[in-house]
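Subject: Structure for your review

Dear colleague,

Please find below the structure I agreed to pass on to you. My notes on it follow.

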Amino acid sequence: MSKMKKRADGRYCKEVYLDRLPNGKYRRVAVYGKTQKEVLEKAAEIKRQFEEGILIENPNVTFSEMAKIWIENCKPDIGDPHKLNYEQIIGKHLDPNIGTLKLKDLKPLHLQKIINKMDEEGLATATMKMVKLTASQILEAAIDNNLLIRNVFKKITIPKKPPKTRRALVDSEIRMITEHWNDHRMSLSAMIMLYCGLRRGEMIALDWKDINLEKRTITVSKSARVFPNQPIVKTPKTGAGIRTIPIPEVLMVALRHSQKKEGLICTQTDGKSMMTESSWSRAWNSYLYHLNLQYGGKPATGGKGVTWVIDNKITPHMLRHTYATLLYDAGVDVKSAQKYMGHSSVDVTLEIYTHLSRFREEESINALDKHLKDQGIEKASKARAVV
C-alpha cells in the first residue's frame, strides 16, 4: 500500500495495490475517508473483496446492466439470430432471477439454482448449457473491464440427463397422416416432413420454387429460426444441410394437387406470412386436434377435457425420425441416408441405423417367441424340462 495523504478538502487518501497487470503495471484502487481509521478500514475491505474475487470498481453495476453492456459492446459481430437467442436466454432465465443483483454480490449458488429449476421443469440439456455459457461470458466481460476478479459461474454443474428416446411413428400413425393430407392447412407440411425428413425450420422456410415436380426433388437451402414474434431465415449450419431430396410417389400426389408457382408452403392463417414460434405451435396443436376428431376423439364438453384417441405428443421431429426409419426399412444405404437427412457426419446417421438394427433384432426375437408360443412348442419344451 502507498502512504496515506491528506487532501486539500480535508479527506484522507490512500492507494491500495492489488496485483500486477500483464503490462507490468500495478492494479490500484484509490480509497478516501474523513479519518485515517476510515481509510484503513476501506482499504482492508477492498483487499478482502479482491481476494474473494468480487467487484473492485463501480460497486453498483448489476448483472442486468452488465448483460446489456455485453450484448451491445462486447458481441458486436454476432448476427441477428444469435443476438436474439442471447437476449431470449437473458430475458427468460437470467434477468428475472439475478438481474437486479450487483455483480459483487453474485455467488455460484445463484446460477446453480436457476439451472436446477430448469432441470426440474424438464428443459433440454443444451438449453441449460446455453444459460450457463451466456451468464459466464457476461462475467468474463466484467473481468475484462476491471469490474470483477473472478468468474463465480465457471464451475456450475449441469445435471446429467439420460438421452431422450426418439420414437418413430407406428404404421397406424403414418396412415393417419397420409390419409388426411388435404383437410388441414398443416396437412401438406406434415406429409413433406414425414416423407422427405425436413426439420421444422426447413419446412417453415420452404418455398414452392424449391420443389421441382418434373425431377421429383425438393431442394433444401435455408432454414427459419423461429422466435415468438420474429422468424429469421438463415443458411444451414453446415454444407450438409443444403441438399436435394427425392420425392416418393405417395407425396407427389399431394404436391401435384396443392401446387403453386411461388410462395411459402407453410404459412400463417393469412396464407403468406412466415410462421413464428407461437403461430407454429397453434397450427400444429390444431392439426393434431383435427386428426384426433377424425379418428373418434371428442372435443371438450360438459366440463370434461378433450378425449384423445391418438398421441397428442406427436412432434415434427418424430416425423423426421420416421423418415430415417423408412429409409432404413427400404434398404437405403447409410451414405445416401446421410445425404437425404442432411447430417453433417455419417456417425449421426449410423447411430440411428444401429439403433434401428438392434430394435429390429429384438422385434424378430419377440416375434419368434410369440410364434413358438402360439404353436405350443414353448409349452412342450417346458414340460420336457419338468420331466
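In which sense do β5 and strand β8 pair, and over how many bridges? The two strands, β5 and β8 (residues 243-246), pair in the antiparallel sense, and they do so over 4 bridges. Within this pairing, V220 has R243 of β8 as its bridge partner. Please bear in mind throughout that this is a predicted model.

The sheet containing β5

Strand β5 (residues 217-220) also pairs with strand β4 (residues 211-212), again in the antiparallel sense, here over 2 bridges. In that pairing, I211 lies opposite I218 of β5. The two strands make a hairpin, with 4 residues separating β4 from β5. One residue of the turn, R216, has a positive phi of about 55°. Taken together, the strands give an open sheet of 3 strands in the order β4-β5-β8, with antiparallel pairing. Its edge strands are β4 and β8, each of which pairs on one side only. As general background, strands of a sheet pair through backbone hydrogen bonds, either parallel or antiparallel.

The sheet of β1, β2 and β3

A further open sheet is formed by 3 strands in the order β1-β2-β3, and its pairing is antiparallel. The edges are β1 (5-6) and β3 (26-33), each pairing on one side only. Between β1 and strand β2 (residues 12-20) there are 2 bridges in the antiparallel sense. Here K6 is placed opposite Y12 of β2.

Packing of two helices

In general, two packed helices are described by the angle between their axes and the distance between the axes. For helix α7 (residues 187-196) and helix α10 (residues 277-294), the angle is about 90° and the axes are 10 Å apart. Angles of 65 to 115 degrees count as roughly perpendicular, and α7 and α10 are therefore roughly perpendicular to each other. On the α7 side, the contact is made by S187, A190 and M193, while α10 contributes W280, W284 and Y287. The residues of this contact comprise 5 nonpolar and 1 polar, with no charged residue.

The surroundings of H343

H343 is located in the loop between α12 (334-341) and α13 (346-374). Is H343 buried or exposed? Its relative accessibility is 8%, and residues under 20% count as buried, so H343 is classed as buried. The side chain of H343 makes a polar contact, at 2.8 Å, with the side chain of T349. Setting aside neighbours within four places in sequence, the residues in contact with H343 are R199, A240, R320, Q338, V348, T349 and I352.

The chain as a whole

The secondary structure of the protein chain amounts to 14 helices and 8 strands. The chain has 387 residues, of which 39% count as buried. Among contacts in the chain with a separation of 6 or more, 60% are between residues 24 or more positions apart.

With kind regards

Note on methods: Residues numbered from 1 in each chain as written. Predicted model: local features only at pLDDT ≥ 70, side-chain atom pairs only at ≥ 80, totals over all residues. Heavy atoms only, no water. Axes fitted to C-alpha atoms, helices over the stretch in contact; angles between N-to-C directions. Parallel < 35°, antiparallel > 145°, perpendicular 65-115°, else oblique. Contact = heavy atoms within 4.5 Å. Nonpolar A, V, L, I, M, F, W, Y, C, P; charged D, E, K, R; others polar. Buried < 20%, exposed > 50% of the residue type's maximum accessible area, 1.4 Å probe, protein only. Polar contact = N/O pair within 3.5 Å; in protein donor to acceptor, adjacent residues only side chain to side chain. Pairing = 2+ DSSP bridges.
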